[in-house]
Amino acid sequence: MILPVLAVVAGLVLLMWSAERFVDGAASTSSHLGLSPLLIGMLVIGFGTSAPELVVSVIAAAQDNPGLALGNAYGSNIVNIGLILGLVALISPLAVHSSMIRRELPILGGVTLLSALLLMGGVLGRFEGALLLLILVGFMGFSIWQALKMPDDAMSADTEQDIASHPMSLRAGLVWTLVGLLLLVVSSRLLVWGAVSIAQSFGVSDLIIGLTVVAVGTSLPELASSISALRRGEHDLVLGNVVGSNLFNTLGVVGLASLITPIEVASEVLWRDWTLMTAMTALMMVFALGWRGRAGRINRLEGGVLLLMYLTYTGFMISLVVQGGTA
(Lines give C-alpha, C1' and ligand atoms only; values in the text may rest on other atoms or scores of the structure.)
Protein backbone atom coordinates (compact mmCIF):
# COMPACT_ATOMS: atom_id res chain seq x y z
CA MET A 1 0.00 0.00 0.00
CA ILE A 2 2.90 2.37 0.74
CA LEU A 3 4.32 2.05 -2.77
CA PRO A 4 1.06 3.04 -4.57
CA VAL A 5 0.65 6.06 -2.26
CA LEU A 6 4.22 7.15 -2.97
CA ALA A 7 3.57 6.64 -6.69
CA VAL A 8 0.50 8.92 -6.55
CA VAL A 9 2.32 11.63 -4.59
CA ALA A 10 5.41 11.51 -6.83
CA GLY A 11 3.22 11.35 -9.93
CA LEU A 12 1.20 14.42 -8.87
CA VAL A 13 4.29 16.50 -8.06
CA LEU A 14 6.03 15.57 -11.30
CA LEU A 15 2.79 16.02 -13.25
CA MET A 16 2.29 19.56 -12.01
CA TRP A 17 5.91 20.56 -12.64
CA SER A 18 6.07 19.03 -16.11
CA ALA A 19 2.71 20.50 -17.13
CA GLU A 20 3.88 24.01 -16.24
CA ARG A 21 7.09 23.51 -18.22
CA PHE A 22 5.12 22.14 -21.18
CA VAL A 23 2.64 25.03 -21.26
CA ASP A 24 5.32 27.72 -20.79
CA GLY A 25 7.51 26.13 -23.48
CA ALA A 26 4.62 25.69 -25.92
CA ALA A 27 3.37 29.25 -25.38
CA SER A 28 6.86 30.71 -25.87
CA THR A 29 7.49 28.58 -28.97
CA SER A 30 4.14 29.61 -30.46
CA SER A 31 4.95 33.26 -29.82
CA HIS A 32 8.35 32.96 -31.56
CA LEU A 33 6.63 31.27 -34.52
CA GLY A 34 4.27 34.23 -34.91
CA LEU A 35 1.02 32.85 -33.45
CA SER A 36 -1.25 35.66 -32.22
CA PRO A 37 -1.46 36.21 -28.43
CA LEU A 38 -5.21 35.58 -28.50
CA LEU A 39 -4.77 32.16 -30.12
CA ILE A 40 -1.98 31.31 -27.69
CA GLY A 41 -4.24 32.19 -24.77
CA MET A 42 -7.21 30.26 -26.13
CA LEU A 43 -5.58 27.17 -27.63
CA VAL A 44 -2.05 26.76 -26.28
CA ILE A 45 -2.59 27.88 -22.68
CA GLY A 46 -6.31 27.09 -22.37
CA PHE A 47 -6.00 23.61 -23.87
CA GLY A 48 -2.40 23.01 -22.82
CA THR A 49 -3.28 23.07 -19.13
CA SER A 50 -5.50 20.06 -19.89
CA ALA A 51 -2.54 18.03 -21.14
CA PRO A 52 -2.39 16.09 -17.81
CA GLU A 53 -6.05 15.07 -18.10
CA LEU A 54 -5.49 13.97 -21.69
CA VAL A 55 -2.38 11.90 -21.02
CA VAL A 56 -3.76 10.33 -17.82
CA SER A 57 -7.07 9.43 -19.47
CA VAL A 58 -5.43 8.01 -22.60
CA ILE A 59 -3.11 5.83 -20.49
CA ALA A 60 -6.01 4.74 -18.28
CA ALA A 61 -8.13 3.80 -21.31
CA ALA A 62 -5.23 1.97 -22.94
CA GLN A 63 -4.70 -0.01 -19.73
CA ASP A 64 -8.39 -0.96 -19.63
CA ASN A 65 -9.40 1.45 -16.85
CA PRO A 66 -11.97 3.52 -18.77
CA GLY A 67 -13.84 4.50 -15.59
CA LEU A 68 -10.79 6.38 -14.39
CA ALA A 69 -10.55 8.14 -17.76
CA LEU A 70 -14.17 9.36 -17.66
CA GLY A 71 -13.99 10.25 -13.97
CA ASN A 72 -10.80 12.21 -14.55
CA ALA A 73 -12.38 14.31 -17.32
CA TYR A 74 -15.67 15.13 -15.58
CA GLY A 75 -14.06 15.38 -12.15
CA SER A 76 -11.52 17.88 -13.52
CA ASN A 77 -14.37 20.02 -14.90
CA ILE A 78 -15.97 20.07 -11.45
CA VAL A 79 -12.63 20.93 -9.83
CA ASN A 80 -11.94 23.69 -12.39
CA ILE A 81 -15.22 25.48 -11.71
CA GLY A 82 -15.79 24.71 -8.03
CA LEU A 83 -12.32 24.66 -6.51
CA ILE A 84 -10.21 26.76 -8.89
CA LEU A 85 -12.66 29.41 -10.13
CA GLY A 86 -14.48 29.50 -6.78
CA LEU A 87 -11.27 29.90 -4.78
CA VAL A 88 -9.78 32.49 -7.13
CA ALA A 89 -13.00 34.56 -7.07
CA LEU A 90 -12.97 34.42 -3.25
CA ILE A 91 -9.45 35.85 -3.27
CA SER A 92 -10.31 38.55 -5.81
CA PRO A 93 -13.56 39.11 -7.77
CA LEU A 94 -13.10 38.42 -11.49
CA ALA A 95 -14.24 40.95 -14.08
CA VAL A 96 -15.02 39.53 -17.54
CA HIS A 97 -14.03 41.71 -20.50
CA SER A 98 -13.18 39.22 -23.25
CA SER A 99 -15.81 38.88 -25.98
CA MET A 100 -14.21 35.56 -26.97
CA ILE A 101 -14.97 34.11 -23.55
CA ARG A 102 -18.55 35.34 -23.87
CA ARG A 103 -18.80 33.36 -27.12
CA GLU A 104 -17.14 30.26 -25.67
CA LEU A 105 -19.37 29.99 -22.60
CA PRO A 106 -22.60 29.14 -24.51
CA ILE A 107 -20.61 26.64 -26.60
CA LEU A 108 -19.43 24.96 -23.39
CA GLY A 109 -23.04 24.86 -22.18
CA GLY A 110 -24.19 23.25 -25.42
CA VAL A 111 -21.38 20.69 -25.39
CA THR A 112 -22.21 19.80 -21.77
CA LEU A 113 -25.86 19.19 -22.68
CA LEU A 114 -24.79 17.08 -25.67
CA SER A 115 -22.69 14.89 -23.41
CA ALA A 116 -25.86 13.96 -21.48
CA LEU A 117 -27.45 12.58 -24.64
CA LEU A 118 -24.37 10.46 -25.27
CA LEU A 119 -24.25 9.24 -21.66
CA MET A 120 -27.88 8.12 -21.76
CA GLY A 121 -26.95 5.30 -24.11
CA GLY A 122 -25.00 3.66 -21.29
CA VAL A 123 -21.84 3.34 -23.39
CA LEU A 124 -19.48 5.89 -24.90
CA GLY A 125 -18.25 3.97 -27.91
CA ARG A 126 -15.92 4.80 -30.75
CA PHE A 127 -18.68 6.54 -32.71
CA GLU A 128 -19.39 8.88 -29.79
CA GLY A 129 -15.67 9.44 -29.31
CA ALA A 130 -15.19 10.33 -32.98
CA LEU A 131 -18.17 12.70 -32.79
CA LEU A 132 -16.73 14.53 -29.78
CA LEU A 133 -13.33 14.86 -31.45
CA LEU A 134 -14.96 16.14 -34.66
CA ILE A 135 -16.77 18.83 -32.66
CA LEU A 136 -13.48 19.76 -30.99
CA VAL A 137 -11.81 20.21 -34.39
CA GLY A 138 -14.74 22.37 -35.51
CA PHE A 139 -14.49 24.47 -32.35
CA MET A 140 -10.76 25.01 -32.86
CA GLY A 141 -11.41 26.13 -36.43
CA PHE A 142 -14.10 28.52 -35.17
CA SER A 143 -11.69 29.88 -32.54
CA ILE A 144 -8.98 30.53 -35.10
CA TRP A 145 -11.47 32.33 -37.36
CA GLN A 146 -12.74 34.47 -34.48
CA ALA A 147 -9.20 35.30 -33.34
CA LEU A 148 -8.31 36.56 -36.82
CA LYS A 149 -11.41 38.80 -36.76
CA MET A 150 -10.70 40.34 -33.34
CA PRO A 151 -6.97 40.32 -32.57
CA ASP A 152 -7.35 43.02 -29.90
CA ASP A 153 -9.61 41.02 -27.57
CA ALA A 154 -9.06 41.65 -23.84
CA MET A 155 -7.55 38.18 -23.37
CA SER A 156 -4.86 39.02 -25.93
CA ALA A 157 -3.27 41.58 -23.60
CA ASP A 158 -3.43 39.13 -20.69
CA THR A 159 -1.64 36.48 -22.75
CA GLU A 160 1.09 38.88 -23.87
CA GLN A 161 1.74 39.75 -20.24
CA ASP A 162 1.77 36.06 -19.29
CA ILE A 163 4.33 35.19 -21.99
CA ALA A 164 6.48 38.17 -21.01
CA SER A 165 6.60 36.85 -17.42
CA HIS A 166 8.23 33.61 -18.70
CA PRO A 167 10.78 34.82 -21.29
CA MET A 168 12.42 32.03 -23.34
CA SER A 169 14.38 31.75 -26.55
CA LEU A 170 12.93 29.64 -29.35
CA ARG A 171 15.42 26.85 -28.59
CA ALA A 172 14.59 26.88 -24.88
CA GLY A 173 10.87 26.87 -25.69
CA LEU A 174 11.24 23.81 -27.92
CA VAL A 175 13.37 21.97 -25.34
CA TRP A 176 10.94 22.61 -22.48
CA THR A 177 7.97 21.65 -24.64
CA LEU A 178 9.52 18.26 -25.42
CA VAL A 179 10.86 17.68 -21.90
CA GLY A 180 7.53 18.66 -20.36
CA LEU A 181 5.64 16.34 -22.70
CA LEU A 182 7.96 13.41 -21.96
CA LEU A 183 7.69 13.89 -18.20
CA LEU A 184 3.91 14.25 -18.51
CA VAL A 185 3.75 10.72 -19.91
CA VAL A 186 6.08 9.31 -17.24
CA SER A 187 4.28 11.01 -14.33
CA SER A 188 0.87 10.06 -15.72
CA ARG A 189 1.79 6.37 -15.93
CA LEU A 190 3.02 6.55 -12.33
CA LEU A 191 -0.16 8.30 -11.19
CA VAL A 192 -2.51 5.90 -12.98
CA TRP A 193 -0.76 2.83 -11.57
CA GLY A 194 -0.83 4.20 -8.02
CA ALA A 195 -4.46 5.38 -8.25
CA VAL A 196 -5.74 2.06 -9.62
CA SER A 197 -3.80 0.13 -6.95
CA ILE A 198 -5.28 2.29 -4.17
CA ALA A 199 -8.79 1.90 -5.60
CA GLN A 200 -8.41 -1.88 -5.64
CA SER A 201 -7.04 -1.87 -2.07
CA PHE A 202 -10.02 0.08 -0.74
CA GLY A 203 -12.52 -1.81 -2.88
CA VAL A 204 -13.81 1.34 -4.62
CA SER A 205 -14.22 1.88 -8.33
CA ASP A 206 -11.63 3.58 -10.50
CA LEU A 207 -14.43 6.03 -11.41
CA ILE A 208 -14.48 7.44 -7.86
CA ILE A 209 -10.69 7.66 -7.75
CA GLY A 210 -10.78 9.46 -11.11
CA LEU A 211 -13.45 11.89 -9.92
CA THR A 212 -11.56 12.80 -6.75
CA VAL A 213 -7.82 12.22 -6.28
CA VAL A 214 -6.82 12.05 -9.94
CA ALA A 215 -9.13 14.92 -10.96
CA VAL A 216 -7.63 17.26 -8.36
CA GLY A 217 -4.10 16.19 -9.28
CA THR A 218 -4.49 16.74 -13.00
CA SER A 219 -6.16 20.12 -12.35
CA LEU A 220 -3.23 21.46 -10.33
CA PRO A 221 -1.67 23.11 -13.43
CA GLU A 222 -4.90 25.08 -13.96
CA LEU A 223 -4.85 26.14 -10.30
CA ALA A 224 -1.21 27.24 -10.48
CA SER A 225 -1.68 29.16 -13.74
CA SER A 226 -4.91 30.77 -12.49
CA ILE A 227 -3.34 32.02 -9.25
CA SER A 228 -0.31 33.27 -11.21
CA ALA A 229 -2.58 35.10 -13.67
CA LEU A 230 -4.64 36.55 -10.82
CA ARG A 231 -1.51 38.02 -9.21
CA ARG A 232 -0.84 39.89 -12.47
CA GLY A 233 -4.48 41.02 -12.75
CA GLU A 234 -5.16 38.86 -15.82
CA HIS A 235 -8.80 38.08 -15.02
CA ASP A 236 -9.81 37.07 -18.54
CA LEU A 237 -6.96 34.57 -18.73
CA VAL A 238 -8.15 32.95 -15.48
CA LEU A 239 -11.66 32.36 -16.81
CA GLY A 240 -10.30 31.53 -20.27
CA ASN A 241 -8.16 28.76 -18.74
CA VAL A 242 -11.19 27.21 -17.04
CA VAL A 243 -13.51 27.45 -20.04
CA GLY A 244 -10.89 26.21 -22.49
CA SER A 245 -9.87 23.36 -20.21
CA ASN A 246 -13.46 22.22 -19.64
CA LEU A 247 -14.18 22.29 -23.36
CA PHE A 248 -11.08 20.22 -24.04
CA ASN A 249 -11.89 17.76 -21.24
CA THR A 250 -15.47 17.23 -22.41
CA LEU A 251 -14.61 16.89 -26.08
CA GLY A 252 -10.96 15.90 -26.44
CA VAL A 253 -10.23 13.87 -23.31
CA VAL A 254 -13.50 11.90 -23.24
CA GLY A 255 -13.53 11.62 -27.03
CA LEU A 256 -10.03 10.21 -27.34
CA ALA A 257 -10.42 7.87 -24.35
CA SER A 258 -13.67 6.39 -25.72
CA LEU A 259 -12.11 6.10 -29.17
CA ILE A 260 -9.38 3.94 -27.63
CA THR A 261 -11.67 1.84 -25.41
CA PRO A 262 -15.49 2.05 -25.24
CA ILE A 263 -16.53 3.32 -21.81
CA GLU A 264 -19.45 1.81 -19.92
CA VAL A 265 -21.35 4.61 -18.20
CA ALA A 266 -22.89 3.88 -14.81
CA SER A 267 -26.20 5.59 -14.07
CA GLU A 268 -24.53 7.49 -11.22
CA VAL A 269 -22.37 9.37 -13.70
CA LEU A 270 -25.46 10.95 -15.26
CA TRP A 271 -27.55 11.78 -12.20
CA ARG A 272 -24.69 12.63 -9.85
CA ASP A 273 -21.53 13.79 -11.62
CA TRP A 274 -22.92 15.15 -14.89
CA THR A 275 -25.79 16.91 -13.08
CA LEU A 276 -23.42 18.73 -10.74
CA MET A 277 -21.03 19.58 -13.57
CA THR A 278 -23.92 21.02 -15.60
CA ALA A 279 -25.31 23.02 -12.67
CA MET A 280 -21.89 24.54 -11.99
CA THR A 281 -21.38 25.30 -15.69
CA ALA A 282 -24.77 27.04 -15.83
CA LEU A 283 -23.98 29.13 -12.75
CA MET A 284 -20.59 30.09 -14.17
CA MET A 285 -22.31 31.22 -17.38
CA VAL A 286 -24.87 33.30 -15.51
CA PHE A 287 -22.24 34.93 -13.30
CA ALA A 288 -19.74 35.59 -16.11
CA LEU A 289 -22.23 36.80 -18.73
CA GLY A 290 -24.27 38.92 -16.33
CA TRP A 291 -28.01 39.50 -16.38
CA ARG A 292 -30.49 42.43 -16.33
CA GLY A 293 -27.81 44.92 -17.25
CA ARG A 294 -25.37 43.59 -14.65
CA ALA A 295 -21.80 43.52 -15.97
CA GLY A 296 -20.20 40.10 -16.27
CA ARG A 297 -18.14 39.34 -13.17
CA ILE A 298 -17.75 36.61 -10.59
CA ASN A 299 -17.76 38.17 -7.11
CA ARG A 300 -16.74 36.67 -3.78
CA LEU A 301 -20.26 35.52 -2.89
CA GLU A 302 -20.64 33.71 -6.22
CA GLY A 303 -17.17 32.24 -5.88
CA GLY A 304 -18.14 31.03 -2.42
CA VAL A 305 -21.25 29.33 -3.83
CA LEU A 306 -19.18 27.45 -6.41
CA LEU A 307 -16.60 26.44 -3.80
CA LEU A 308 -19.30 25.25 -1.40
CA MET A 309 -20.85 23.08 -4.12
CA TYR A 310 -17.47 21.49 -4.76
CA LEU A 311 -16.76 20.88 -1.07
CA THR A 312 -20.21 19.32 -0.56
CA TYR A 313 -19.68 17.02 -3.54
CA THR A 314 -16.21 16.04 -2.34
CA GLY A 315 -17.56 15.28 1.15
CA PHE A 316 -20.21 13.03 -0.38
CA MET A 317 -17.60 11.20 -2.49
CA ILE A 318 -15.39 10.68 0.58
CA SER A 319 -18.37 9.21 2.42
CA LEU A 320 -18.76 6.68 -0.40
CA VAL A 321 -15.15 5.61 0.02
CA VAL A 322 -15.53 5.32 3.80
CA GLN A 323 -18.66 3.21 3.31
CA GLY A 324 -16.85 1.08 0.76
CA GLY A 325 -19.03 2.27 -2.14
CA THR A 326 -18.20 1.09 -5.64
CA ALA A 327 -20.14 3.64 -7.69
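What follows is a walk through the empty spaces of this predicted model, with a look at one helix and one loop residue along the way.

Start with the enclosed spaces. Rolling a probe the size of a water molecule over the atoms shows where empty space is left. Searching the whole structure in this way turns up two cavities of 30 Å³ or more. The largest cavity holds about 60 Å³ of space, and its lining is made up of Val23, Asp24, Ala27, Ser28, Ile45, Asp162, Ile163 and His166. Two elements, helix H1 (2-32) and helix H7 (154-164), each put two or more residues into that lining. H1 has the largest share, with four residues. As for chemistry, the wall of the largest cavity is a mix: four residues are nonpolar, two are polar and two are charged.

The second largest cavity comes in at about 30 Å³. Around it sit Leu211, Thr212, Val216, Tyr310, Tyr313, Thr314 and Met317. Here the elements giving two or more residues are helix H9 (206-231) and helix H12 (300-322), and H12 takes the largest share with four. No charged residue turns up in this lining, which has five nonpolar and two polar residues.

Now for the open spaces. The largest pocket has a volume of about 250 Å³. Its lining runs to 14 residues, and those nearest the centre are Ile209, Thr212, Val213, Ile318 and Val321. Thr212 thus appears by name in the lining of this pocket and in that of the second largest cavity. Helix H8 (170-202), H9 and H12 each bring at least two residues to the largest pocket, with H12 giving the most, five. The wall is greasy by class: twelve nonpolar residues, two polar and no charged ones.

The second largest pocket, at about 210 Å³, is lined by 17 residues, and Glu20, Val23, Asp24, His166 and Ser225 are the closest to its centre. H1, H9 and H10 are the elements that supply two or more residues each. Charge does show up in this lining, which splits into seven nonpolar, five polar and five charged residues. Val23, Asp24 and His166, close to the centre of this pocket, are also among the residues lining the largest cavity.

H9 deserves a closer look, as it lends residues to the second largest cavity and to both pockets. Does its length fit its residue count, or not, and what should its 26 residues span? At 1.5 Å a residue they should cover 38 Å, and the end C-alpha atoms lie 36 Å apart, so the two figures agree. Along the way H9 has a kink of about 40 degrees, centred on Ala215. Just past the end of H9, Gly233 adopts a positive phi of about 75 degrees.

Last comes a loop residue. Thr261 sits between helix H10 (235-260) and strand E3 (263-264). Is Thr261 buried or exposed? Its relative accessibility is 17%, and because the cut-off for buried is under 20%, Thr261 counts as buried. The side chain of Thr261 also has a polar atom 2.9 Å from the backbone oxygen of Ala61.

Terms used:
Residues numbered from 1 in each chain as written. Predicted model: local features only at pLDDT ≥ 70, side-chain atom pairs only at ≥ 80, totals over all residues. Heavy atoms only, no water. 1 Å grid on protein atoms, 1.4 Å probe; cavity = no way out; pocket = protein on both sides within 12 Å on 5 of 7 lines; lining within 4 Å. Points joined across faces, edges and corners; volume = space filled by probe spheres on them. Nonpolar A, V, L, I, M, F, W, Y, C, P; charged D, E, K, R; others polar. Expected span 1.5 Å × (residues − 1). Bend = angle between axes of the 7 residues up to and from the residue. Buried < 20%, exposed > 50% of the residue type's maximum accessible area, 1.4 Å probe, protein only. Polar contact = N/O pair within 3.5 Å; in protein donor to acceptor, adjacent residues only side chain to side chain.
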